[in-house]
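Hi everyone, thanks for coming. I have one structure to walk you through today, so let me put it up on the screen.

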Amino acid sequence: MTEQDTAPTPGGGTAPAARTPVVISDPQAIRALAHEARLEALEELFASQSTRTATELASRCGLTPSAMSYHLRALEKYGFVERSPSEGDGRERRWKAAGYSLLVNSLNHSPASKQAFIDVQLNTFRDRIMKEVARREAEDQRAREAAERAVAAAREGDAALAGEVGPSGLEGQAGAPGRRRPPVLSTGMVFVNAEQRAEFQRRLTALIDEFEELNPASERSVDAERVYYLVSVLADAVPEPR
């Protein structure tokens with residue numbers, strides 16, 4: 001049975017749409033995902049539920065448009081993406097996700113395919129974490145330099161430059177050292193029984209769904225601001241008795 005729901009459509013309205021996932025179970029299809037640029041393109045298309053050209057996706061993935069076109073054709077071969085009807089002057093083909101979500105149904109295949117898929121996923125997120133760490137460090141450095149200039153200006157009586165630091169100082173301002181910010185990475189453990197674990201997962205999924213529906217597809221442009229998340233709820237692996 002297909003779950004019926006409403007999905008964002010260009011123009012800001014909503015229209016009935018089948019929230020049918022693209023289910024991946026074929027080992028070759030899983031291996032086809034073991035490429036950072038392909039996962040980035042898929043994430044963009046499935047999350048936005050909008051069309052993108054190879055040029056737009058290439059700008060997100062750091063590739064040339066011709067290289068991205070090659071990857072899109074490979075993803076099309078396995079049914080992950082589809083060619084969209086021409087829009088505008090139709091000079092460049094547009095692509096869209098083949099479904100509402102992407103689901104890896106089984107990793108019960110060769111160890112190599114499982115390892116490759118997991119490695120690419122984790123490496124991609126590792127790169128994003130390191131970029132965010134570097135961004136915060138640069139932000140903090142700029143804040144420190146601004147504070148040093150303001151202090152020096154105050155000593156020299158330069159009121160205009162000293163105004164870089166307001167009456168409340170740097171605390172709470174963007175880039176201020178010590179400012180409370182969301183953690184770059186947070187891990188932990190909770191003690192729950194099977195029923196509580198199911199509820200924990202349900203609430204996480206509901207929260208993600210709520211925020212995914214906040215902005216219509218018309219506002220999910222290739223230049224729109226976005227936040228990445230990685231969620232994994234794992235049961236405790238009890239060692240087998242020797």
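I'll start with the chain as a whole, then go through a sheet, a helix pair, one leucine and some salt bridges.

Please keep in mind that this is a predicted model. The chain has 242 residues, and 27% of them count as buried. There are 7 helices and 7 strands. If you trace the elements from the N terminus, you read β-β-β-α-α-β-α-α-β-β-β-α-α-α. As for contacts, take those between residues at least 6 apart in sequence: 63% of them join residues at least 24 apart.

Now, the sheet. Three strands make up an open sheet, in the order E4-E6-E5, with antiparallel pairing. At the edges sit strand E4, residues 52-53, and strand E5, residues 81-84, each of which pairs on one side only. How many bridges join E4 to E6? E4 pairs with strand E6, residues 94-97, over 2 bridges, in the antiparallel sense. You can find both ends of that pairing on the screen: Arg52 is opposite Trp95 in E6, and Thr53 has Arg94 in E6 as its bridge partner. On the other side, E5 and E6 are joined by 4 bridges and also run antiparallel. Here Ser84 has Arg94 of E6 as its bridge partner. So Arg94 turns up in both pairings, as a partner of Thr53 and as a partner of Ser84. For anyone new to this, strands of a sheet pair through backbone hydrogen bonds, either parallel or antiparallel.

What lies across these strands? Helix H2, residues 36-48, lies across E4, E5 and E6, and runs at about 75° to E6.

Let me stay with H2 and E4 for a moment, as they bring us to a salt bridge. Arg52, the residue we just saw opposite Trp95, joins its side chain to that of Glu44 in a salt bridge, with 2.9 Å from N to O. Are these two buried or exposed? Arg52 has a relative accessibility of 4%, so it counts as buried, the cut-off being under 20%. Glu44, at 7%, is buried because it falls under that same cut-off.

Next, a helix pair. Helix H3, residues 54-61, packs against helix H4, residues 65-77, at an angle of about 105°, and their axes are 8 Å apart. The two helices are therefore roughly perpendicular, since angles from 65 to 115 degrees go by that name. Which residues make the contact? From H3 they are Ala54, Thr55, Leu57, Ala58 and Cys61, and from H4 they are Pro65, Met68, Ser69 and Leu72. Sorted by class, that gives 7 nonpolar residues, 2 polar ones and no charged ones.

Now for the leucine. Leu102 belongs to strand E7, residues 101-104. Leaving aside residues up to four places away in sequence, Leu102 touches Val22, Ile24, Leu42, Phe46 and Phe80. Take Leu42 from that list: Leu102 and Leu42 are 60 residues apart in sequence, while their C-alpha atoms are 8.5 Å apart in space. With a relative accessible area of 32%, Leu102 is partly exposed, because that value lies between the 20% and 50% limits.

Finally, back to salt bridges. The count comes to 15. One of them joins the side chains of Glu76 and Arg83, at 2.7 Å from N to O. Glu76 is partly exposed, with a relative accessible area of 27%, and Arg83 is partly exposed too, with 37%.

Another salt bridge links Arg136 and Glu132, whose closest N and O atoms are 2.7 Å apart. Both sit in helix H5, residues 111-156, and because they are 4 residues apart there, about one helical turn separates them. Arg136 counts as buried, with 13% relative accessibility, whereas Glu132 is partly exposed, with 22%. The pair also belongs to a wider group: Glu132, Arg135, Arg136, Glu139, Asp140 and Arg181 are linked in a network of salt bridges.

That's my tour. Thanks for listening, and I'm happy to go back to any part of it on the screen.

Definitions and conventions
Residues are numbered from 1 along each chain as its sequence is written. This is a predicted model: local features need pLDDT of at least 70, side-chain atom pairs count only at pLDDT 80 or more; totals for chains, interfaces and linings use all residues. Side-chain values use heavy atoms; hydrogens and water are left out. Buried means under 20% relative accessible area, exposed over 50%, partly exposed in between (1.4 Å probe, protein chains only). Contact means heavy atoms within 4.5 Å. Axes are lines fitted to C-alpha atoms, for helices over the stretch in contact, and angles run from 0 to 180 degrees between N-to-C directions. Angles under 35 degrees count as roughly parallel, over 145 as roughly antiparallel, 65 to 115 as roughly perpendicular and the rest as oblique. Ala, Val, Leu, Ile, Met, Phe, Trp, Tyr, Cys and Pro count as nonpolar, Asp, Glu, Lys and Arg as charged, and the others, Gly among them, as polar. Two strands pair if DSSP finds at least two bridges between them. A salt bridge is a side-chain nitrogen of Lys or Arg within 4 Å of a carboxyl oxygen of Asp or Glu.
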